Amino acid sequence: QMPPFPDKAAPPRGELVSVPNVSCEQDRVAMTEAKVSDASTITSKRGWLAHRRGFLPGVLKRWFCLNGCELSYFVQETDATPKKCFDLRGCTIAAAEAPMRLTAKEEQFSFTIFTKDGLKLLSLVASSSEERADWIQAMQQALQDEASVLQEEASAKEEIAVLREAVES
């Protein structure tokens, strides 16, 4: 995963950046380019979930970590390397309604992640209805945050283009 500011330390969101000896338009371009997404808004959640192993019966308990739109799972909580990672961008998350060949207890706490094409990506089981609701809400919030960041980036790029055009003319 890339650090939030790979090239250099960026100022906090909304901080004004002053560029000496430049026109007002150039200063506005510099300020707009300095806007960055607030890394503290990244949705994250960690905890034990069970996942269904394809067509095999039963579920495996794994340690899951949600960091923004990336969902990873580990065999043990202390493992350094994830067993598998999933990019949730474009996915939908829903409480499972179709039978997944689980026990009645597992079925009531299950939820499914679908790709943007509607294919099942991952079937998960929480230990309670509250935990299931928390995971679904966290994943949906991460997707919403990602959409907001993309919208902000598109707006900032458009503003930069307009400002640069004003500076050049």
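How many bridges join strand β1 to strand β2, and in which orientation do these strands run? The views below are all taken from a predicted model, and the legends take up this question before turning to other parts of the structure.

**View 1. Strand β1 and its partners, β2 and β7.** Nine bridges join strand β1, which covers residues 44-52, to strand β2, which covers residues 59-67, and the two strands run antiparallel. Strand β1 is also joined to strand β7, made up of residues 120-125, through two bridges, and this pair likewise runs antiparallel. A50 can be used to find both pairings in the view, since this residue stands opposite K61 in β2 and also stands opposite V125 in β7.

**View 2. The cysteines C69 and C91.** A disulfide is a covalent bond between the sulfur atoms of two cysteines. A search of the whole structure finds zero disulfides, and C69 is accordingly in none, with the nearest cysteine sulfur, that of C91, lying 8.8 Å away. Why does the sulfur of C91 form no bond with the closest cysteine sulfur? The closest one belongs to C69, and because the separation is 8.8 Å, it is too far for a bond, given that a disulfide is counted for sulfur atoms within 2.5 Å. Both residues can be looked for inside the protein, as C69 is buried with a relative accessible area of 9%, while C91 is buried with a relative accessible area of 10%.

**View 3. The largest nonpolar core.** In soluble globular proteins, nonpolar side chains tend to be buried together. In this model, the largest nonpolar core has 23 residues, and those with the most contacts inside it are L71, F111, I113, L124 and M139. The elements that give two or more residues to this core are the strands β1, β2, β3 (70-74), β6 (110-114) and β7, together with the helix α3 (129-168). Of these, α3 gives the most, with five residues.

**View 4. The surroundings of A96.** A96 has its place in the loop between β5 (92-95) and α2 (104-108). Is this loop residue buried or exposed? A96 is buried, with a relative accessible area of 16%. When its neighbours within four places in sequence are left aside, A96 is in contact with S110, F111 and T112. E107 can be found in this view as well, for although A96 and E107 are eleven residues apart along the chain, their C-alpha atoms are separated by 7.6 Å.

Terms used: Residues are numbered from 1 along each chain as its sequence is written. This is a predicted model: local features need pLDDT of at least 70, side-chain atom pairs count only at pLDDT 80 or more; totals for chains, interfaces and linings use all residues. Side-chain values use heavy atoms; hydrogens and water are left out. Buried means under 20% relative accessible area, exposed over 50%, partly exposed in between (1.4 Å probe, protein chains only). Two strands pair if DSSP finds at least two bridges between them. Helices (H or I, at least four residues) and strands (E, at least two) are DSSP runs, numbered from the N terminus. A nonpolar core is a set of buried Ala, Val, Leu, Ile, Met, Phe, Trp, Tyr and Cys residues joined through side-chain atoms within 4.5 Å. Contact means heavy atoms within 4.5 Å.
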